[in-house]
Amino acid sequence: AGADLSERAIAYARAFHPDVEFHVADPADVPGVFDVVTAIEVLEHVPDGDTGRFLCELARRARPGGHVVLSVPTVAVPRAPKHHRHYDEQLLRRQVQESGAALSFARVEHVCRRSALVDWYVKLGLTRFWFVDIRPLSYAAWRYTWKKLRHADARTGMHLVALLRKEE
């Protein structure tokens with residue numbers, strides 16, 4: 001199941017995964033607990049005073065022994081207007097610890113180095129008005145990104161991905 005407050009985000013997700021159940025709702029209102037709970041590029045949108053509550057809610061939705069996956073933009077990327085903050089590993093660890101959520105870090109990675117070639121492709125092919133899907137070109141861009149740009153470090157990574165384990 002997937003949930004987002006944005007109808008547009010849910011429509012986008014449904015386009016890629018029509019077989020998955022999606023809800024236009026606060027994720028806290030979706031019933032159930034799950035083996036894996038994800039918040040991909042979400043935490044930076046949560047106001048400072050609400051991050052602890054948000055992280056506790058993610059932990060509550062994970063089964064004991066399950067996982068929470070967080071992905072956030074790093075300080076290596078300019079902060080977007082809709083973002084409250086970008087992250088380094090220390091800030092993410094501090095927010096999780098201070099939240100009191102029953103989560104421990106299993107793994108942290110910096111991913112996705114920036115590339116002028118990929119930036120050019122995205123700028124031309126992915127706009128709010130159209131999406132160019134030339135399969136061989138998309139496949140080549142994805143393979144290039146996966147093989148050459150996926151691994152990064154704190155200085156070059158555009159995203160910080162954390163795998164957290166919920167205590168049993």
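Arg165 is a handy place to start in this predicted model: the residue sits in strand S6. With a relative accessible area of 32%, Arg165 counts as partly exposed. Leaving aside residues up to four places away in sequence, Arg165 touches Gly65, Gly66 and His67, and also Ala102, Leu103 and Ser104. Another residue to look at is Ala106, which is 59 residues from Arg165 in sequence, yet the two C-alpha atoms are 6.2 Å apart in space.

That sort of long-range pairing shows up across the chain. Take the contacts between residues at least 6 apart in sequence: 73% of them join residues at least 24 apart.

Now zoom out to the fold. There are five helices and six strands in the protein, and walking along the sequence you meet them in the pattern β-α-β-β-α-β-α-β-α-α-β. The radius of gyration is 17 Å, close to the 15 Å that the globule rule gives for 168 residues, so the protein is as compact as a globular protein of that length. If you want to picture a box around the C-alpha atoms, it is roughly 45 × 35 × 30 Å along the principal axes. Of the 168 residues, 32% count as buried. The protein exposes about 11000 Å², and carbon and sulfur atoms supply 57% of that area. As for charge, there are 24 positive and 21 negative ones, and their mean positions are 7 Å apart.

Helix H2 is worth a closer look. It spans residues 51-61, and its buried residues are Thr51, Phe54, Leu55, Glu57, Leu58, Ala59 and Arg61. So what do these buried residues of H2 pack against? Their partners are the strands S3, S4 (62-73), S5 and S6 (157-166), together with helix H3 (89-99). S6 is the strand that holds Arg165, our starting point.

One of the buried residues of H2 is Arg61. Its relative accessibility is 6%, and buried means under 20%, so Arg61 counts as buried. Who are the neighbours? Not counting residues up to four places away in sequence, Arg61 touches Pro27, Ala28, Asp29, Val30, Pro31, Gly32, Val33, Phe34 and Val37. Set that beside Arg165 in S6, which is partly exposed at 32%.

Next, some backbone angles. Most residues other than glycine have a negative phi. Glu41 goes the other way, with a positive phi near 55°. You will find Glu41 in the loop between strand S3 (34-40) and helix H2, and with a relative accessible area of 23% it is partly exposed. Cys112 is not a glycine either, but has a positive phi of about 70°. Where does Cys112 lie? This residue is in strand S5, which covers residues 103-113.

That brings us to the cysteines. How many disulfides does the structure hold? The count is zero. Among the cysteines, Cys112 is partly exposed, with a relative accessible area of 23%, and Cys56 is partly exposed too, at 30%. Partly exposed here means a value between the 20% cut-off for buried and the 50% cut-off for exposed.

Key:
Residues are numbered from 1 along each chain as its sequence is written. This is a predicted model: local features need pLDDT of at least 70, side-chain atom pairs count only at pLDDT 80 or more; totals for chains, interfaces and linings use all residues. Side-chain values use heavy atoms; hydrogens and water are left out. Helices (H or I, at least four residues) and strands (E, at least two) are DSSP runs, numbered from the N terminus. The radius of gyration is taken over C-alpha atoms; the globule rule is 2.2 Å times the number of residues to the power 0.38. Buried means under 20% relative accessible area, exposed over 50%, partly exposed in between (1.4 Å probe, protein chains only). Contact means heavy atoms within 4.5 Å. Accessible areas come from the Shrake-Rupley method with a 1.4 Å probe; for residues, only the protein chains shown count as cover. Lys and Arg count as positive and Asp and Glu as negative; His and the chain ends are not counted. The place of a charge is taken as NZ of Lys, CZ of Arg, CG of Asp or CD of Glu. A disulfide is a pair of cysteine sulfur atoms within 2.5 Å.
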